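Student: I've got a structure open on my screen and I'd like to learn how to read it. Could we go through it together?

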There are 2 protein chains.
Amino acid sequence: MQARDLAEAFPSATMDTPALEAARRLATDRLNGLVVVDERGRPIVVLPATQVLRLGLPRYSQDDPALARVIDEAHADVFLRKLAGRTLSDCLSEQKGELPAVNEDDTVLEIAALMARTRSPVVAVVDRDGVMIGAITLHTLLDRVLGR
Amino acid sequence: MQARDLAEAFPSATMDTPALEAARRLATDRLNGLVVVDERGRPIVVLPATQVLRLGLPRYSQDDPALARVIDEAHADVFLRKLAGRTLSDCLSEQKGELPAVNEDDTVLEIAALMARTRSPVVAVVDRDGVMIGAITLHTLLDRVLGR
């Protein structure tokens with residue numbers, strides 16, 4: 001069993017994807033991450049769903065958790081409005097580290113090791129040109145190795 | 001809207017939960033993490049799904065990604081057998097940092113900031129005694145703030 005056998009169609013995003021659209025896609029499709037690709041369809045980064053949330057948060061609430069406490073509830077409920085007008089490029093500057101992407105012929109062991117190492121429950125599968133042909137989720141991997 | 005309004009029933013695990021059972025639960029229920037509680041039901045740690053994978057990986061495949069490459073595919077397919085006989089306590093030693101848990105009256109902003117800060121798509125909700133009464137997932141949070 002190789003990566004190509006586990007790869008599934010998976011939505012991708014670009015640096016220009018509006019943050020609000022990304023958030024809606026994460027919610028609608030129950031995605032745990034977004035694969036951000038360049039103009040040629042090559043993965044640049046896999047953005048964890050929790051990091052899209054960050055875009056909607058006022059700066060002070062991240063710097064000092066105690067300050068998030070003082071905001072009244074109504075305000076808190078609409079914090080995602082802050083997403084409006086922003087794109088994924090605004091939250092990618094601090095996304096460094098190893099890219100969670102595998103080649104078509106990578107094995108289950110390699111995929112699992114990469115997921116564990118990068119802590120990414122989504123890995124992109126790329127062809128020889130580095131172009132994304134699909135993705136593998138942690139749940140898909142578990143289903144297969146557990147024989148479900 | 002407060003944490004108690006968003007909390008849903010969520011399965012918990014203990015240090016003694018077999019790793020294989022934990023993996024099956026993650027797959028069956030499409031969970032992104034497991035809340036590990038003590039004997040009184042108080043959360044100790046929220047274990048990301050990717051870190052349960054780690055338990056099934058041979059040590060060498062984590063230390064040196066290139067070595068995972070040399071394992072034949074058949075072997076790779078059954079690596080999860082390594083989970084047998086192990087418990088979650090075996091993978092909790094390195095889980096440090098802030099506990100992704102909120103109080104019942106915490107606001108959406110506080111919950112979102114905690115998810116972003118800890119990078120955990122699951123946060124436990126605890127009562128005044130610190131006992132888990134449910135959990136909030138990133139998708140549930142997004143649904144509510146996006147007005148779906």
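**Reading strands, helices and loops**

Tutor: Let's start with a strand. In strand E3 (residues 43-48) of chain A, 5 of the 6 residues are buried, so the rest of the structure largely encloses this strand. Keep in mind that this is a predicted model.

Student: How confident is the predictor about chain A, and what scores does the complex get?

Tutor: Chain A has an average pLDDT of 85, and 83% of its residues score at least 70. For the complex, the predictor gives an ipTM of 0.85 and a pTM of 0.87.

Student: Back to E3(A), then. Which strand pairs with it, and in what sense?

Tutor: Strand E2 (residues 33-37) of chain A does, in the antiparallel sense, over 5 bridges. To see one pair, find Val36(A), which stands opposite Val45(A) in E3(A). Then follow the chain round the hairpin: there are 5 residues between the two strands, and Gly41(A) has a positive phi near 85°.

Student: Where do the side chains of a strand point?

Tutor: In a regular strand they alternate between the two faces of the sheet.

Student: And what is the strand order in the sheet that holds E2 and E3 of chain A?

Tutor: The order is E1-E2-E3 in chain A, an open sheet of 3 strands with mixed pairing. Its edge strands are E1 (12-13) and E3, each pairing on one side only. E1(A) runs parallel to E2(A), with 2 bridges between them, and Ser12(A) sits opposite Val35(A) in E2(A).

Student: I can see E4, E5 and E6 in chain A too. How are they arranged?

Tutor: They make an open sheet of 3 strands in the order E4-E5-E6, with mixed pairing. Strands E4 (101-103) and E6 (132-137) of chain A are at the edges; each has a single partner strand, so one side of each has no neighbour in the sheet. From one strand to the next, the twist averages 35°. E4(A) is joined by 3 bridges to E5 (residues 122-126) of chain A, and the two run parallel. As an example, Asn103(A) has Val126(A) as its bridge partner in E5(A).

Student: Now helices. Which residues of a helix point the same way?

Tutor: An α-helix has 3.6 residues a turn, so residues three or four places apart point the same way. For a case to look at, try helix H7 (residues 108-118) of chain B: 9 of its 11 residues are buried, so the rest of the structure largely encloses H7(B). Among the buried ones are Val108(B), Ile111(B), Leu114(B) and Met115(B). Just after H7(B) comes Arg119(B), with a positive phi of about 60°.

Student: How do I read two helices packing across chains?

Tutor: Look at the angle and the distance between the axes. Helix H8 (residues 138-145) of chain A packs against helix H2 (residues 19-28) of chain B at about 125°, with the axes 9 Å apart. The two helices are therefore oblique to each other. His139(A), Leu142(A) and Asp143(A) of H8(A) make the contact with Ala23(B), Leu26(B) and Ala27(B) of H2(B). The crossing of H8(A) past H2(B) is left-handed.

Student: One last residue: is Lys96(B) buried or exposed?

Tutor: Lys96(B) counts as exposed, because it has 8 C-beta neighbours inside 10 Å. You'll find Lys96(B) in the loop between helix H6 (73-77) and strand E4 (101-103) of chain B. Now locate Val45(B): Lys96(B) is 51 residues from Val45(B) in sequence, and their C-alpha atoms are 8.3 Å apart in space.

How values were computed:
Residues numbered from 1 in each chain as written. Chains lettered and ligands numbered in written order. Predicted model: local features only at pLDDT ≥ 70, side-chain atom pairs only at ≥ 80, totals over all residues. Pairing = 2+ DSSP bridges. Helix = DSSP H or I, 4+ residues; strand = E, 2+ residues; numbered from the N terminus. Axes fitted to C-alpha atoms, helices over the stretch in contact; angles between N-to-C directions. Buried ≥ 20, exposed ≤ 12 C-beta atoms within 10 Å, placed from the backbone. pLDDT = per-residue confidence, 0-100. Parallel < 35°, antiparallel > 145°, perpendicular 65-115°, else oblique. Left-handed = near helix turned anticlockwise from the far one by under 90°. Contact = placed C-beta atoms within 7 Å.
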